[in-house]
Amino acid sequence: MSSIKLTHIYNPSYDELGQTCFEFLARLGGPSVIHLDGQEPDRCRVILTLLHGNEPSGLKATHQFIREQIRPKTSVKIIIASVVAARTEPVFTHRMLPGQRDLNRCFSTAEKDLQSVLASAISEFINSVRPEAIVDVHNTSGSGPAFCVGVARSNQHRALASHFTHRLIHTDIRLGSVMELDFGCPIVTVEAGGAQDDEADVTAYKGLLSFVCSDNVFQTKQQVEILDTPRRLELVPDVDVSFGEQRLNGSSITIRQDIEKFNFGVTPANQRIGWINGDINRSLQLDSQSSSVGDYFYVENEQILTKQPLKLFMVTTRADIARSDCLFYFVVS
Ligand SMILES: [Zn+2]
């Protein structure tokens with residue numbers, strides 16, 4: 001058993017929630033579960049959100065629909081995870097607290113640090129309520145359209161994604177995220193769009209409303225395109241990165257400042273994505289051993305170019321996230 005206690009709140013009243021999601025956040029003591037009764041109390045759906053403290057769309061959406069006193073189809077458990085990181089000033093800017101591990105990389109470890117213990121408290125709770133479906137709502141750090149991610153591509157996974165978006169990424173990458181665990185039901189990660197984008201809040205709200213109110217949550221709401229087995233372009237540990245309109249001296253890697261414009265579009269072969277000082281394999285790596293950076297990118301005149309048409313997504317222009325997570329994901333287009 002884990003030693004972190006989740007705070008449980010049952011059917012909060014309009015007044016308990018606060019006028020804004022900032023007030024709502026301030027009233028939560030720490031990692032919390034909001035329990036909402038539904039029309040069919042024997043069935044249960046789980047919403048996870050704020051695993052990353054800088055990704056507020058899921059929290060805003062749940063705050064809004066709880067205030068609207070919507071009665072869900074089934075009982076709903078809303079797990080709000082990184083409350084302390086989220087409300088640490090400046091509010092909604094900390095993915096996790098400084099010095100802590102990324103919570104959504106701690107679900108497959110037996111480590112005893114605070115984040116791993118919280119991850120196991122969350123997974124124990126989810127197992128205890130035997131849900132029929134789970135969604136985990138995030139934002140991307142850069143601007144971009146919504147998409148979902150799953151470790152399976154069944155019709156049920158597609159249907160869960162279809163409440164939110166028309167894209168499902170089927171990934172074989174294992175990072176220790178919650179969607180990799182087997183809860184006996186389908187789970188998808190929702191990337192509602194950029195944390196700063198109003199559209200992401202709307203996507204999260206409409207999607208969650210549809211998720212909690214549908215009679216059959218596995219009935220597809222829209223056609224869903226599958227993007228199969230992306231790779232991650234990562235920095236080799238301790239390599240520095242900058243973002244700029246031209247090569248920046250003193251930086252091993254400079255990624256073009258407007259890289260986000262390639263999100264989900266087709267990036268043709270021979271497209272410059274940045275500049276590099278030295279050997280590409282000393283600075284960049286993929287998540288997988290089965291292929292190498294050189295299969296997809298090459299260097300000419302210190303420019304990093306695509307070798308074949310690619311579809312990039314989850315592109316970031318934040319150096320801290322590029323270092324701790326990755327530059328972007330991609331599939332061959
Ligand atoms: Zn996230």
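Buried here means under 20% relative accessible area. By that cut-off, 57% of the 333 residues in the protein chain of this predicted model are buried.

**Figure 1. Overall fold of the protein chain in the predicted model.** The protein chain holds nine helices and 19 strands. Its radius of gyration is 20 Å, close to the 20 Å given by the globule rule for 333 residues, so the chain is as compact as a globular protein of that length. Taken along the principal axes, the box filled by the C-alpha atoms is roughly 65 × 40 × 35 Å. The accessible surface comes to about 14,200 Å², and carbon and sulfur atoms account for 46% of this surface. Of the contacts between residues at least 6 apart in sequence, 74% join residues at least 24 apart.

**Figure 2. Domain 1 and domain 2 of the protein chain.** Domain 1 covers residues 7–228, and domain 2 covers residues 231–332. The centres of the two domains, taken over C-alpha atoms, are separated by 29 Å. Where the domains meet, 20 residues of domain 1 are in contact with 16 residues of domain 2.

**Figure 3. Protein donors of the zinc ion.** The zinc ion is bound by ND1 of His52, two OE donors of Glu55 and ND1 of His138, at distances of 2.0 to 2.6 Å. Angles among the four donor atoms run from 55 to 144°, and the site is irregular. A four-donor site counts as tetrahedral if all angles lie between 85 and 135 degrees, and the range of 55 to 144° at the zinc ion goes beyond those limits on both sides.

**Figure 4. Sequence positions of the zinc donor residues.** The spacing of the donor residues along the sequence is H-x2-E-x82-H. Distant parts of the chain are linked by the two histidines: His52 lies in the loop between strand E3 (40–49) and helix H2 (57–67), while His138 belongs to strand E5 (residues 133–140), 86 residues apart. His52 has 4% relative accessibility and therefore counts as buried. His138 is also buried, with a relative accessible area of 2%.

**Figure 5. Surroundings of Thr267 in strand E13.** Strand E13 consists of residues 266–267, and Thr267 is placed in this strand. Thr267 has a relative accessibility of 0% and so counts as buried. Leaving out residues up to four places away in sequence, Thr267 touches Phe262, Thr306, Gln308, Pro309, Leu310 and Leu312.

Definitions and conventions: Residues numbered from 1 in each chain as written. Predicted model: local features only at pLDDT ≥ 70, side-chain atom pairs only at ≥ 80, totals over all residues. Heavy atoms only, no water. Donors = N, O, S within 2.8 Å, 3.2 Å for Na, K, Ca; no water. Tetrahedral: all angles 85-135°; square planar, octahedral: opposite > 155°, others 65-115°. Helix = DSSP H or I, 4+ residues; strand = E, 2+ residues; numbered from the N terminus. Buried < 20%, exposed > 50% of the residue type's maximum accessible area, 1.4 Å probe, protein only. Contact = heavy atoms within 4.5 Å. Rg over C-alpha atoms; globule rule 2.2 N^0.38 Å. Areas by Shrake-Rupley, 256 points an atom, 1.4 Å probe, with all protein chains shown as cover. Domains from an automatic or database assignment.
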